[in-house]
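The following report describes the overall form, the strand pairing, the nonpolar cores and the salt bridges of one protein model.

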Amino acid sequence: MRFLEEFRDPETARGLLDSIRVMARGLPQVRLMEVCGTHTVSIFRYGIRDLLPENIRLISGPGCPVCVTPSVFLDQAICIAREPDVTLVSFGDMMRIPGSESSLEMERARGRDVRVVYSPLDALQIARENPSRLVVFLGVGFETTAPAVGVTLLRAKAEGIGNFLVLGAHKRIVPAMEALLKTEGFSLDGFICPPHVSAVIGSRPYQVLAESWNMPCVVTGFEPLDILQGIHMLLEQILAGEHKVQVQYRRAVPNGGNPAAMRVMEEVFQVKESLWRGLGKIAKSGLEIHEGFSHFDAMVRFQPQITEALDPPGCQCGDVLRGVLEPWNCKMFGTLCTPQRPLGPCMVSGEGTCAAHFKYGWKLLQKNKAGFKGGHRGQ
């Protein structure tokens, strides 16, 4: 298949669903976790949860980079934004995430120089154009965004740009997936692995999940047929008693990943322990700016001191990110916490689980309550 429409073909989807239903008849309750916020949005957008058999349940995991960034990082960013002669630059989805007592959007409203860009190279251009200011870029995300930040730091170093810094909070997804499996009482039957991250790291890093935890893994694309085929491949493994790593998204993910991107990450970053919202500290799950680039590290330059970082009162985003709480079982969901007035990051980000549930699943739930024919099983 070459064109987008072909990955949304209804006849092919019906065939996959029929096959999934046949396979599901011989299985008990099956729990599959999608580990990517874009997967979560696609699953809701195309109504895939409601098309699956009752005993095949999809769970959203910690795949939204904004959602897993802890409050203390927001507090550190806000602390730096308040420094004189500092321009703080960020992707737009970080602006409304609440810190302990403020947000970047609120700081901008108070007169701080906080700007939104689409690329770290845009932030570097701001540094070139404003040599009298310190330009600090917020480097967040998984292995998907880390290479672009790494290339930007290499370019800053090559050009001798001394007023560009990065406040980094990059994370590695596989250690987080393994940490979930170590959680007491947590059960899962398979991972729908993230495609964008996998396009960089390849499929091999997931082997530890298959070999050490007997966990079937399939790297799956974002289109509805991609996701249905990925679920089909996982059920095939489960029925056969297998646990291996497969790639459904062959058109973008080679087993060995992107060697050039990985070389950049190895040159600019070093693996370290990292703090995740909802998951706590996880060994080897973060990417810290390498000591050789410490003069670009905003944490080294400013050393922001945060005594206590607080999550919004009553916010249960941590439980949502661990897959132990459906958003609509949160007392705040849809009442005190909405996309217009979000309390937690899962409702802020476009890839957040709560935002996806509100945009697609919440409306359906309301229709169900009003007698809409065709129930939702995710509640």
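The protein contains 17 helices and eleven strands; helices (H or I, at least four residues) and strands (E, at least two) are DSSP runs numbered from the N terminus. This is a predicted model, in which local features need pLDDT of at least 70 and side-chain atom pairs count only at pLDDT 80 or more, while totals for chains, interfaces and linings use all residues. Residues are numbered from 1 along each chain as its sequence is written, and side-chain values use heavy atoms, with hydrogens and water left out.

**Overall form**

The C-alpha trace spans about 65 × 45 × 40 Å along its principal axes. The radius of gyration of the protein is 21 Å, which agrees with the value near 21 Å for a compact globule of 379 residues; this radius is taken over C-alpha atoms, and the globule rule is 2.2 Å times the number of residues to the power 0.38. Of the 379 residues, 54% count as buried, where buried means under 20% relative accessible area, exposed over 50% and partly exposed in between (1.4 Å probe, protein chains only). The protein exposes about 16600 Å², of which carbon and sulfur atoms supply 51%; accessible areas come from the Shrake-Rupley method with a 1.4 Å probe, and for residues only the protein chains shown count as cover. Among contacts (heavy atoms within 4.5 Å) with a separation of 6 or more, 76% come from residues 24 or more positions apart.

**Strand β1 and its partners**

In strand β1 (residues 30–34), five of its five residues are buried. Val30, Leu32 and Glu34 lie on one side and Arg31 and Met33 on the other, and both faces are covered. Two strands pair if DSSP finds at least two bridges between them. β1 runs parallel to strand β2 (residues 56–60) over five bridges, with Val30 opposite Ile56. Three bridges join β1 to strand β7 (residues 190–193), also in the parallel sense, and Leu32 has Gly190 as its bridge partner there.

**Nonpolar cores**

A nonpolar core is a set of buried Ala, Val, Leu, Ile, Met, Phe, Trp, Tyr and Cys residues joined through side-chain atoms within 4.5 Å. The largest holds 95 residues, of which Leu88, Leu104, Val136, Phe164, Phe191 and Tyr206 touch the most other members. Leaving aside residues up to four places away in sequence, the residues that Val136 touches include Ile80, Leu165, Ala298 and Phe302. A second, separate core has 23 residues, including Ala13, Ala24, Ile43 and Ile192.

**Salt bridges**

The whole structure holds 15 salt bridges, each defined as a side-chain nitrogen of Lys or Arg within 4 Å of a carboxyl oxygen of Asp or Glu. Three of them are listed below.

| Pair | Closest N to O distance |
|---|---|
| Arg8 and Glu223 | 2.6 Å |
| Asp113 and Arg115 | 2.9 Å |
| Arg128 and Glu159 | 2.9 Å |

Arg8 lies in the segment before α1 (10–24) and Glu223 in the loop between β8 (217–219) and α12 (224–240), so their salt bridge ties together parts that are 215 residues apart in sequence. Arg8 is partly exposed at 38% relative accessibility, whereas Glu223 is buried at 12%.

Arg128 belongs to helix α7 (residues 120–129) and Glu159 to helix α8 (residues 146–159), so this pair ties together parts that are 31 residues apart in sequence. Arg128 is partly exposed at 34%, and Glu159 is partly exposed at 42%. Arg115 is partly exposed as well, at 28%. In addition, a network of salt bridges links Arg82, Glu101, Glu107, Arg110 and Arg112.
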